[in-house]
Structure formats: structure tokens, C-alpha cells
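Welcome! Take a moment to turn the structure around on your screen before you read on. Then let us walk through it together.

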Amino acid sequence: MQAYRFETRISKKGTIQLPFNQQLVDREVEIIIFPKQDLKPNKNASVDFINKWAGFLSNVDTEDYKFQYLSEKYK
């Protein structure tokens, strides 16, 4: 089964225009619609991340853990 992908826009009247394709003329097809995601960056995402994880390891001395990890890794 051959699959075709077309990017188009649904009009205010609810119609969809597809490019002419001779192989699809007078054939039944199945249409699946995936709304496109907005590619605008979410400015609040970085702020939410910082607020969630800020100070996560602030009271932990990580130098000992780093030394142990590297000692085990390079034995």
C-alpha cells in the first residue's frame, strides 16, 4: 500500500484541497488528519524548569560522589 503525505490547510468552509495525483483518481482513500504543532517556543518552560529544579542538589557535597564515580569507572 502506497502512502501519500500532503500538507494543506482546512478552509473556513471545511474543505481541503489536495494536489492532483493521477494514481488517486476515482479511487477510495482513507484520510487521517494530524493537526500541526505550533513551533513557537514556550518561554515559560525554561522558567518552570528552573523553578522546579533550582537548588535540587544545593545541600549535597557532590565532590565525593564524583571522585567515587571516576574511581570506579577508571579502575
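What follows is a short tour of this model, from the whole chain down to single side chains.

**The chain as a whole**

Keep in mind from the start that this is a predicted model. How many helices and strands does the chain have? Its secondary structure comes to two helices and zero strands. The helix called α1 covers residues 43-53, and helix α2 covers residues 62-73.

Next, think about the surface. The chain has 75 residues, and buried residues make up just 1% of them. About 8,600 Å² of the chain is exposed, and carbon and sulfur atoms supply 54% of that area.

**A nonpolar patch**

Now look for side chains that come together on the outside. Which residues make the nonpolar surface patch? The patch is built by Tyr-4, Phe-6, Ile-10, Ile-16, Leu-18, Val-29, Ile-31 and Ile-33, and it has an area of about 720 Å².

Let us visit some of its members. Ile-31 sits in the segment before α1. This residue counts as exposed because its relative accessible area is 55%, and the cut-off for exposed is over 50%. Ile-10 also belongs to the segment before α1. With a relative accessible area of 46%, Ile-10 is partly exposed. If we set aside residues up to four places away in sequence, Ile-10 touches Thr-15, Ile-16 and Ile-33. Of these, Ile-16 and Ile-33 are listed in the patch too.

**Two rings and an asparagine**

Two other patch members carry aromatic rings. The count for the structure comes to one aromatic pair. Tyr-4 and Phe-6 form this pair, and it is stacked: the ring centres are 6.4 Å apart, with 0° between the planes. Tyr-4 is partly exposed at 32% relative accessibility, and Phe-6 is partly exposed at 31%.

Which residues does Asn-21 contact, leaving aside its neighbours within four places in sequence? Asn-21 is in contact with Tyr-4 and Phe-6, the two residues of the aromatic pair. Asn-21 is found in the segment before α1. Is Asn-21 buried or exposed? Its relative accessibility is 19%, so Asn-21 counts as buried, the cut-off being under 20%. The side chain of Asn-21 also has a polar atom that lies 3.0 Å from the backbone nitrogen of Gln-23.

**Salt bridges**

Now for the charged side chains. A search of the whole structure finds three salt bridges. Here they are, with the distance between the N and O atoms.

| Salt bridge | N to O distance |
|---|---|
| Glu-7 and Lys-36 | 2.9 Å |
| Glu-63 and Lys-66 | 3.3 Å |
| Lys-75 and Glu-72 | 3.3 Å |

Start with Glu-7 and Lys-36, which form a salt bridge with their closest N and O atoms 2.9 Å apart. This pair links distant parts of the chain, since its partners are 29 residues apart, although Glu-7 and Lys-36 both lie in the segment before α1. Both residues are exposed.

Why can Glu-63 and Lys-66 be described as about one helical turn apart? They are three residues apart in helix α2, so about one helical turn separates them. Glu-63 counts as partly exposed, at 48% relative accessibility. Lys-66 is likewise partly exposed, at 45%.

In the remaining bridge, Lys-75 pairs with Glu-72, and the closest N and O atoms are 3.3 Å apart. Lys-75 is exposed, with a relative accessible area of 76%. Glu-72 counts as exposed as well, at 54% relative accessibility.

**A backbone detail**

One last stop is about the backbone. Asp-26 has a positive phi of about 60°, although it is not a glycine. Where is Asp-26 found? It lies in the segment before α1. Asp-26 is exposed, with a relative accessible area of 79%.

**Putting it together**

Several features of this tour share one part of the chain. The segment before α1 holds Ile-31, Ile-10, Asn-21 and Asp-26, along with the salt-bridge partners Glu-7 and Lys-36. Helix α2, in turn, holds the pair Glu-63 and Lys-66. Try finding each of these places in the structure above.

Notes. Residues numbered from 1 in each chain as written. Predicted model: local features only at pLDDT ≥ 70, side-chain atom pairs only at ≥ 80, totals over all residues. Heavy atoms only, no water. Helix = DSSP H or I, 4+ residues; strand = E, 2+ residues; numbered from the N terminus. Buried < 20%, exposed > 50% of the residue type's maximum accessible area, 1.4 Å probe, protein only. Areas by Shrake-Rupley, 256 points an atom, 1.4 Å probe, with all protein chains shown as cover. Patch = residues over 30% accessible without salt bridge, like charges linked within 9 Å, V, L, I, M, F, W, Y side chains within 5 Å. Salt bridge = Lys/Arg side-chain N within 4 Å of Asp/Glu carboxyl O. Phe/Tyr/Trp six-rings, centres within 6.5 Å; stacked < 30°, edge-to-face > 60°. Polar contact = N/O pair within 3.5 Å; in protein donor to acceptor, adjacent residues only side chain to side chain. Contact = heavy atoms within 4.5 Å.
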